[in-house]
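Got your viewer open? Here's a short tour, one selection at a time.

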Amino acid sequence: MTNSQEHLTRSHKLRKPLVEKLRRERINSSIELLKSLLGPEFLNQQPDSKLEKADILEMTVCFMTQLLQQNQQQRRLMKHVNKLQSSSEEKLREADFSPLSSTVHSSITKEKSPVSSAPWRPW
């Protein structure tokens with residue numbers, strides 16, 4: 001092996017544990033943040049329990065699943081409300097125009113029919 005290849009291999013071997021250490025620190029920091037967010041709720045349910053990392057992750061998954069389900073239910077409910085609202089608005093528009101259309105229809109019918117209420121007068 002050449003000198004440069006040995007240097008690259010040695011630097012890679014030295015760098016790998018450092019990268020792994022930084023990755024673990026990021027994971028632990030994120031788990032601690034989740035613990036601080038979920039901790040009070042969990043402690044209310046089980047005050048003497050110690051939170052393990054796996055527990056924190058499981059609680060987060062459960063919470064996010066519930067949140068997603070609630071969000072989907074709200075979307076379905078909003079779609080239903082919007083459909084009801086649009087159909088009721090459409091019915092209101094039809095109701096607004098129906099008296100007008102019957103008035104117009106009756107006036108057109110009166111204009112076409114001969115005047116029968118006037119007495120007959122010969123000229």
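Start with the whole chain: buried residues make up 7% of its 123 residues, where buried means under 20% relative accessible area, exposed means over 50% and partly exposed lies in between (1.4 Å probe, protein chains only). This is a predicted model, so local features need pLDDT of at least 70 and side-chain atom pairs count only at pLDDT 80 or more, while totals for chains, interfaces and linings use all residues. Residues are numbered from 1 along each chain as its sequence is written, and side-chain values use heavy atoms, with hydrogens and water left out.

Now switch on the surface. About 11700 Å² of the chain is accessible, and 59% of that belongs to carbon and sulfur atoms (Shrake-Rupley method, 1.4 Å probe; for residues, only the protein chains shown count as cover).

Go to cartoon next. You'll find 2 helices and 0 strands (DSSP runs numbered from the N terminus: helices are H or I, at least four residues; strands are E, at least two).

Select Ile 56, which sits in helix 2. Is Ile 56 buried or exposed? With a relative accessible area of 2%, Ile 56 is buried. Show its neighbours: leaving out residues up to four places away in sequence, Ile 56 touches Ile 31, Leu 34, Lys 35, Leu 38 and Leu 51 (contact means heavy atoms within 4.5 Å). Try a distance, too: from C-alpha to C-alpha, Ile 56 and Leu 38 are 7.5 Å apart, though 18 residues separate them in sequence.

Last stop: Thr 60, also in helix 2 (residues 53–112). Thr 60 counts as buried because its relative accessibility is 15%. With the same sequence neighbours left out, up to four places away, Thr 60 touches Leu 34 and Leu 38.
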